[in-house]
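Student: I am new to this structure and should like to be guided through it. May we proceed by question and answer?

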Amino acid sequence: MANKLISEIGLPKSIANIFAARNIVTAKDALSLTEFQLMELLDVGWAEVTSAVAHISAIVCPPYQSALSLMEQRVKNEHLAGHLPTGLKGLDEALCGGIPFGVLTELVGPAGIGKTQFCLKLSLLASLPSSYGGLDGHVIYIDVESKFSSRRLIEIGAKSFPEIFLMKGMAKKMSGRILVWRPASLSEFTERLQQIKVSLHQNEVKLLVIDSMAALVSGFSRFGSIFKEIKSTISLALPIVFPKSLPLPSIANFTDWAHSRECEQGIPRQHPLGWHVSFIKSLAEFSRIPIVVTNQVRSQSSDEACQFSFQVQRWKETKEDHARYGSHLVAALGVHWAHAVTIRLVLEAKSGQRFLKVSKSPISAPLAFPFDITASGMSLLSDDGIELTGPDINAIHSQGHSDIINFTGESLQ
Amino acid sequence: MSQKEVVPLLMLLPFAGAQTAWDMLHEDEMFPRITTSCLDLDNILGGGINCKEVTEIGGVPGMGKTQLGIQLAVNVQIPVDYGGLGAKAIYIDTEGSFMVERVLQIAEACIEDMTECNGLLRKDFQAGQLKMHPNNILENIFYFRVCSYTEQIALTNYLDKFISEHKDVKVVIVDSVTFHFRQDFDDMALRTRLLSGIALKLMKLAKEHGLAVVLLNQVTTKYIEGSFQLTLALGDSWSHSCTNRVILYWNGNERYAYIDKSPSLRSASAPYSVTSKGIRNSASTCKRIRMM
């Protein structure tokens with residue numbers, strides 16, 4: 001609507017011509033100027049300017065509906081009033097039915113905790129026929145770090161829904177609905193994203209997964225390709241040869257290191273994904289599909305901002321106090337991203353037990369569910385979540401969690 | 001009229017539209033405030049969110065800003081008999097955070113509370129049956145979804161006309177005012193101009209129609225006095241634009257609200273909580289009340 005042409009708005013001819021003569025072509029151009037600036041630029045009186053602006057605003061302004069009609073629309077037109085059930089009973093109840101359509105749901109946690117496993121299961125669920133609780137649709141899986149394993153996908157499918165998967169041709173049909181794409185660069189991702197918007201509806205895409213968002217920022221620095229190579233080498237169990245010229249950190253600390261290297265080189269940390277965040281959100285909303293994004297963790301730096309100025313003045317708390325929640329890990333991508341996601345699910349390990357925490361959600365209490373990764377994907381050990389008080393719901397722990405798991409859920413020491 | 005009477009009147013002529021401080025005080029008392037459903041929070045706000053003013057509420061993600069916004073959109077509808085305004089709400093969503101399921105939950109809880117109150121206080125008043133249904137509450141929230149800053153400006157301009165046609169709207173909530181102004185703004189001077197334009201129009205709207213404007217804001221980090229601190233987004237010039245500013249923050253294990261800036265309210269903090277029913281008193285306040 002912002003790009004609506006002034007010529008199409010239906011202003012009186014005389015003023016429409018003046019706008020055109022002064023090169024104010026779209027509504028955005030006109031509304032980005034104050035009434036005074038317009039008066040000066042167009043050389044017309046105050047009354048004319050205000051009436052033109054009011055007219056343009058009325059046309060460009062989005063339509064309204066009552067919250068009731070919004071709800072009725074969703075209940076009528078959408079699967080379970082706009083939710084994708086995850087199959088995890090406790091989580092589905094907490095989220096009023098499942099992963100919500102039209103918004104961003106984020107999964108954040110340390111490496112190897114189960115984010116990709118969760119995404120694989122969701123992809124499967126979205127492709128299943130509706131009689132099995134699925135969305136009967138296609139899935140676009142943007143696999144930034146080459147973690148998608150179709151073998152594992154089929155395994156999860158066969159173990160979770162044996163009735164469907166063991167039927168002839170079903171495994172092929174279901175996995176045929178999941179399109180996996182590995183972008184080679186951030187610009188390629190950006191371009192493809194715009195194309196995706198156009199084709200979502202036509203191709204009956206019912207779920208978009210981006211695994212992982214953080215890697216798009218850090219992974220696509222010039223160190224990213226080396227990192228990817230190392231990862232694939234590990235999976236082949238070949239010995240790794242480190243090039244002498246480049247000091248390489250351990251894999252688990254890579255994102256920290258890439259992050260700190262970026263800061264050193266002066267690459268702006270502020271909203272590196274600003275446009276993408278906005279675009280992906282509008283994509284979710286426009287197409288009314290769930291978009292699931294994974295995020296990584298990084299260590300909290302000692303000068304991390306965590307208080308407002310009035311708090312600093314009042315209590316003069318030392319920075320050490322803020323490590324009192326026992327967590328030194330924070331989600332990557334910063335506070336701007338954290339505001340943009342609607343639902344944040346934190347996956348963490350505490351004393352060797354993994355937990356799924358509903359950290360940010362407008363519709364749920366702050367619940368933590370213990371879980372395990374089994375052959376059939378993620379499963380909750382208890383459907384009654386533990387309600388957490390305080391900011392601990394946002395903390396990310398990684399105690400007693402070893403980074404590498406193999407697909408049967410046993411840890412490799 | 002004698003000269004003595006006319007001269008004072010003549011002195012007031014150039015100031016058409018102005019009011020004396022006495023009249024303003026009297027008017028203030030006439031305009032009820034919108035409760036937040038949390039006693040402590042209402043107290044530090046002087047009884048609730050003030051109509052005729054712009055209040056900015058900011059905090060880190062997950063603090064409950066949207067929750068508070070939805071609670072106010074519901075509470076403005078509390079009938080006059082129950083101490084409310086019996087009015088309607090406009091909810092401007094720039095981020096897509098408005099989840100209808102949650103609005104329904106909060107609306108149901110509000111009606112439950114009123115019915116309970118009805119039962120406790122009006123045992124002898126037969127005619128006071130509450131006939132509200134949660135769907136009635138949802139019906140009275142006008143929802144606008146804004147997808148760009150141009151739409152946000154257009155809507156701000158259009159609101160005057162809309163509210164003239166829907167005179168029973170008494171609260172306008174913008175969730176969040178920040179979002180579209182944080183992406184890709186190369187020209188910061190333009191951003192500042194546009195934001196101050198919006199702020200002025202909203203203030204005018206609040207004053208002329210006697211309604212409350214509530215702007216939800218995000219946080220960002222700022223380097224002050226040798227350390228990184230949290231601060232509300234949109235910069236320094238924006239922070240001058242709003243009449244009242246409330247910051248939501250974590251204090252230990254509890255959520256607190258702090259009056260950061262207000263021409264009439266004292267700087268104070270109050271605990272609150274977010275429950276399945278919406279915004280309510282914090283657990284520690286509940287204990288205190290039970291013990292009394």
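Student: Between which two elements of chain A does the loop with Ser212(A) lie?

Tutor: The model under discussion is a predicted one. In chain A, Ser212(A) belongs to a loop, and a peptide bond in the cis form joins Asp211(A) to Ser212(A), with omega at about 0 degrees. The elements on either side of that loop are β7 (205–211) and α12 (213–218).

Student: Which residue follows Asp175(B) across a cis peptide bond in chain B?

Tutor: The bond that starts from Asp175(B) has an omega near -10 degrees and is cis. The residue on its other side sits in the loop between β6 and α8 (188–209) of chain B. That residue is Ser176(B).

Student: In which loop is Asp43(A) found, and what is its phi?

Tutor: Asp43(A) is located between two helices of chain A, α3 (35–42) and α4 (46–60). Asp43(A) is not a glycine, yet its phi is positive. The value is near 60 degrees.

Student: I should now like to turn to the sheet. Which strands form its edges?

Tutor: The sheet is open and has 10 strands with mixed pairing, in the order β1(A)-β5(B)-β4(B)-β6(B)-β7(B)-β3(B)-β10(B)-β11(B)-β12(B)-β13(B). An edge strand here pairs on one side only. From one strand to the next, the twist averages 25 degrees. The edges are β1 (64–66) of chain A and β13 (278–280) of chain B.

Student: How many bridges join β1(A) to β5(B)?

Tutor: In general, strands of a sheet pair through backbone hydrogen bonds, in either the parallel or the antiparallel sense. β1(A) and β5(B) run antiparallel, and Ser66(A) stands opposite Phe142(B) of β5(B). The number of bridges joining these strands is 3.

Student: Do β3 and β7 of chain B pair in the parallel or the antiparallel sense?

Tutor: β3 covers residues 54–59 and β7 covers residues 212–217, and 5 bridges link the two. Within this pair, Ile57(B) faces Leu216(B) of β7(B). The sense of the pairing is parallel.

Student: Which residue in the turn between β10(B) and β11(B) has a positive phi?

Tutor: β10(B) pairs with β11 (residues 254–261) of chain B in the antiparallel sense over 7 bridges, and Val246(B) is set opposite Ile259(B) of β11(B). The two strands make a hairpin, with 2 residues between them. The turn residue with a phi of about 65 degrees is Gly252(B).

Student: What is the bridge partner of Tyr258(B) in β12(B)?

Tutor: β11(B) also pairs with β12(B), in the antiparallel sense and over 4 bridges. In β12(B), the partner of Tyr258(B) is Ser269(B).

Student: At about what angle does helix α7 of chain B run to β4(B)?

Tutor: Two helices may be described in relation to the strands. Helix α4 (residues 65–75) of chain B lies across several strands of chain B, including β3 and β7, and runs at about 165 degrees to β6(B). Helix α7 (residues 149–165) of chain B lies across β1 of chain A as well as β4, β5 and β6 of chain B. Its angle to β4(B) is about 170 degrees.

Student: How much area do chain B and chain A bury between them?

Tutor: The size of an interface is often expressed as the accessible area lost when the parts come together. Here 63 residues of chain B are in contact with 63 residues of chain A. Pro61(B), Met99(B) and Leu230(B) supply 11% of the area that chain B buries against chain A, more than any other three residues. Carbon and sulfur atoms account for 64% of the buried total, which is about 5500 Å².

Student: Which residue of chain A forms a salt bridge with Lys201(B)?

Tutor: Across the interface of the two chains there are 2 salt bridges, and 13 residue pairs are in polar contact. The side of chain B that touches chain A has 30 nonpolar, 21 polar and 12 charged residues. For Lys201(B), the closest N and O atoms of the salt bridge are 3.8 Å apart, and the partner is Glu35(A).

Student: How many residues apart are Glu155(A) and Arg152(A)?

Tutor: These residues form a salt bridge whose closest N and O atoms are 3.3 Å apart; the structure holds 18 salt bridges over all chains. Both lie in helix α8 (residues 150–160) of chain A, about one turn of the helix from each other. Their separation is 3 residues.

Definitions and conventions. Residues numbered from 1 in each chain as written. Chains lettered and ligands numbered in written order. Predicted model: local features only at pLDDT ≥ 70, side-chain atom pairs only at ≥ 80, totals over all residues. Heavy atoms only, no water. Pairing = 2+ DSSP bridges. Axes fitted to C-alpha atoms, helices over the stretch in contact; angles between N-to-C directions. Contact = heavy atoms within 4.5 Å. Buried area = accessible area lost by both parts, 1.4 Å probe. Salt bridge = Lys/Arg side-chain N within 4 Å of Asp/Glu carboxyl O. Polar contact = N/O pair within 3.5 Å; in protein donor to acceptor, adjacent residues only side chain to side chain. Nonpolar A, V, L, I, M, F, W, Y, C, P; charged D, E, K, R; others polar.
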